[in-house]
Amino acid sequence: MTLKIGWIGCGTHATQMLLPQLTRHDVELVALCDVDGANLARAARQFGVRATYADHRDLLAHPGLDAVGMAVGPAAHHAIGLEALAKGLPVFMEKPPGGNVAQAEELLAAS
């Protein structure tokens, strides 16, 4: 089964380190999101993704997602992670999961 992944954050770390490794496995990047239009366009070309969004809420509403990954800062990890989990989507993020222990524990409870 191929997992359909939506990804939030298309900066250098994501496009050079994380996404190339992810795409080595049985996954399909179906949607990308970044607030920086140039980064978003570059990543979409690099990974052949047609659905692109400037707002993470639009990506989270993309039909057919199996999971969400993100390469954003700790504050966004917490907020976006909670939104994705509330939609029933598994979430991948690197550390730290939040700006403090309480945020990390809140994400843990939500998951």
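Okay, one term before we start: a residue counts as buried when its relative accessible area is under 20%, and as exposed when that is over 50%. Keep in mind, too, that this is a predicted model.

Let's begin with helix H1, residues 12–22. Which residues of H1 are buried? They are Ala-14, Thr-15, Leu-18 and Leu-19. If you look down the axis of H1, those buried residues fall within an arc of 130°, so they line one face of the helix. The spacing makes sense if you remember that an α-helix has 3.6 residues a turn, so residues three or four places apart point the same way. Over on the other side of H1, you'll find Thr-12, Gln-16 and Met-17, and those are exposed.

So what do the buried residues of H1 pack against? They pack against strands S1 and S2, and also against helix H2, which is 37–47.

That brings us to the strands. S1 covers residues 3–8 and S2 covers residues 27–33, and the two pair in the parallel sense over 6 bridges. As one example, Trp-7 has Leu-32 in S2 as its bridge partner. Put S1, H1 and S2 together and you get a right-handed β-α-β unit.

S1 also has a partner in strand S4, residues 67–70: they run parallel, joined by 4 bridges. Here Ile-8 stands opposite Met-70 in S4.

Now stay on S4 for a second. In a regular strand the side chains alternate between the two faces of the sheet. In S4, Ala-67 and Gly-69 point one way, Val-68 and Met-70 point the other way, and all of them are buried.

Where does S4 go from there? Well, S4 pairs with strand S5, residues 91–93, again in the parallel sense, over 3 bridges. Val-68 has Val-91 in S5 as its bridge partner. And with helix H4, residues 74–86, S4 and S5 make a right-handed β-α-β unit.

Last topic: cysteines. How many disulfides are there? The count comes to 0. Why is Cys-10 not in one? A disulfide needs two cysteine sulfur atoms within 2.5 Å, and the closest cysteine sulfur to that of Cys-10 is in Cys-33, 7.3 Å away, which is too far for a bond. Cys-33 is in no disulfide either, with the sulfur of Cys-10 as its nearest cysteine sulfur. Are these two buried or exposed? Cys-10 is buried, with a relative accessible area of 2%, and Cys-33 is buried with a value of 2% as well.

That's my tour, thanks for listening!

Technical notes: Residues numbered from 1 in each chain as written. Predicted model: local features only at pLDDT ≥ 70, side-chain atom pairs only at ≥ 80, totals over all residues. Heavy atoms only, no water. Pairing = 2+ DSSP bridges. Right-handed = clockwise from strand over helix to strand, strands pointing away. Buried < 20%, exposed > 50% of the residue type's maximum accessible area, 1.4 Å probe, protein only. Arc of directions from axis to C-beta. Contact = heavy atoms within 4.5 Å.
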